[in-house]
Amino acid sequence: MKWSIGELRRYKEEPLNFSETFDLNDALTKRDSNVLAVAPVTVSGILSVGKNEYILHYQLKTTLTVPSSRSLEPVEIPLDLSVDEIFMTKEQWSSLEEERDDEILVLENDTIDLTDSVEDNILLAIPMQVLSEQEKEASELPKGNDWQVVSEEDYLAQREKAETIDPRLAKLSELLSSEEDDQ
C-alpha cells in the first residue's frame with residue numbers, strides 16, 4: 001500500500017484511516033535468512049498530514065517463525081507492535097531551522113510505502129535470543145563432546161574456583177613473593 005504526497009494533501013483536515021492484511025512471507029524470508037515463515041500481517045492505523053510532516057501510526061499483528069538461538073528448532077513468536085513514524089520530503093527536511101530529529105524518515109521519492117515500513121519494523125522486532133518453551137523451562141544447558149554452554153553465574157564461579165591457589169603451591173607463591181621483596 002503506497003500513498004503519493006499529492007494524494008495525501010486531501011487529508012489535511014482529518015487523518016486517513018486504513019486497515020490491511022499483507023502476505024509478507026516471501027519478502028521477509030528473502031530479506032533475512034533467519035526468518036523461516038511469517039503469518040499474514042494485519043495492519044490498522046492512521047496517516048495524519050501535518051504542516052511540515054506526515055505522521056504514520058499503526059498497529060501490526062502477526063506470528064513470526066524463527067530458529068531457536070540454542071537448538072535451531074523453529075519457534076513461533078507472536079508480534080503485536082505499535083509503530084509511530086514521521087516522514088518528511090527532502091524539501092521539508094532542509095527547511096527545518098531548529099534542531100533536526102534523527103527519528104524523522106526522509107522520503108527518497110514522493111511516496112510513503114506502508115509495506116516497507118511494516119517489513120522493517122517486523123525485522124527490527126526479532127529478539128536477539130529466541131528460546132522454545134522447553135528450552136525456557138529446562139535447567140540443564142546443552143553440551144557435547146569437550147564443550148558445554150554455561151550460564152554467566154556458573155562461569156564466574158568456575159573462574160573464581162580456578163583462581164584460588166592450590167594449597168600445595170601456596171608455599172611456592174610465598175617463596176616467589178619473598179624473592180621479589182629481596183630485589
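How much space lies in the second largest pocket? The answer is about 180 Å³, and the views below start there. Keep in mind throughout that this is a predicted model.

**View 1. The second largest pocket and what lines it.**
This pocket holds about 180 Å³ of space. Its lining includes Asp32 and Asn34, then Val66, Pro67, Ser68, Ser69 and Leu72. Further along the chain, Leu123, Ile126, Pro127, Met128 and Val130 also belong to the lining. Sorted by class, that gives 8 nonpolar, 3 polar and 1 charged residues.

**View 2. Leu72, a lining residue with a positive phi.**
Leu72 is one of the residues that line the second largest pocket, and it sits in the loop between β5 and β6. Its phi is near 65°, a positive value in a residue other than glycine. For context, most residues other than glycine have a negative phi. Leu72 counts as exposed because its relative accessibility is 64%, and the cut-off for exposed is over 50%.

**View 3. Asp146, another positive phi.**
Here the loop is the one between β9 (143-144) and β10. Asp146 lies in that loop and has a phi near 65°, again positive in a residue that isn't glycine. With a relative accessibility of 85%, Asp146 counts as exposed.

**View 4. The largest pocket.**
About 320 Å³ of space lies in this one. There are 14 lining residues, and those closest to the centre of the pocket are Phe87, Leu107, Thr111, Asp113 and Asp116. Which elements each supply at least two residues of the lining? They are the strands β6 (74-88), β7 (104-106) and β8 (111-113), plus the helix α4 (114-124). As for chemistry, the lining splits into 5 nonpolar, 3 polar and 6 charged residues.

**View 5. Arg31 and its two acidic partners.**
Side chains of opposite charge can pair when their charged atoms come close. The structure holds 2 salt bridges. In one of them, the side chains of Arg31 and Glu119 meet at 3.0 Å, N to O. That pair links distant parts of the chain, since Arg31 is in helix α2 (residues 25-31) and Glu119 is in helix α4, 88 residues apart. Arg31 also forms a salt bridge with Asp120, with the closest N and O atoms 2.7 Å apart. Arg31 lies in helix α2 and Asp120 in helix α4, so this pair ties together parts that are 89 residues apart in sequence. Salt bridges with shared partners join Arg31, Glu119 and Asp120 into one network.

**View 6. The same trio, buried or exposed?**
Glu119 counts as buried because its relative accessibility is 9%, and the cut-off for buried is under 20%. Arg31, at 44%, counts as partly exposed. Asp120 is partly exposed too, with a relative accessible area of 32%.

**View 7. Leu60 and Ile122.**
Leu60 has its place in strand β5 (residues 54-67). At 0% relative accessibility, Leu60 counts as buried. Leu60 and Ile122 are 62 residues apart in sequence, but their C-alpha atoms are 8.8 Å apart in space.

**View 8. A nonpolar patch on the surface.**
Val150, Tyr155 and Leu156 make a nonpolar surface patch of about 240 Å². Val150 lies in the loop between β10 (147-148) and α6 (152-163). Its relative accessibility is 31%, so Val150 counts as partly exposed.

Technical notes: Residues are numbered from 1 along each chain as its sequence is written. This is a predicted model: local features need pLDDT of at least 70, side-chain atom pairs count only at pLDDT 80 or more; totals for chains, interfaces and linings use all residues. Side-chain values use heavy atoms; hydrogens and water are left out. Patches are made of residues with over 30% relative accessible area and no salt bridge: like charges are joined within 9 Å, nonpolar side chains (Val, Leu, Ile, Met, Phe, Trp, Tyr) within 5 Å. Accessible areas come from the Shrake-Rupley method with a 1.4 Å probe; for residues, only the protein chains shown count as cover. A salt bridge is a side-chain nitrogen of Lys or Arg within 4 Å of a carboxyl oxygen of Asp or Glu. Helices (H or I, at least four residues) and strands (E, at least two) are DSSP runs, numbered from the N terminus. Buried means under 20% relative accessible area, exposed over 50%, partly exposed in between (1.4 Å probe, protein chains only). On a 1 Å grid over the protein atoms alone, a cavity is a set of points where a 1.4 Å probe fits but cannot get out, and a pocket is an open set with protein on both sides within 12 Å along at least five of seven lines; lining residues have an atom within 4 Å of a point. Grid points are joined across faces, edges and corners, and a volume is the space filled by probe spheres set on the points. Ala, Val, Leu, Ile, Met, Phe, Trp, Tyr, Cys and Pro count as nonpolar, Asp, Glu, Lys and Arg as charged, and the others, Gly among them, as polar.
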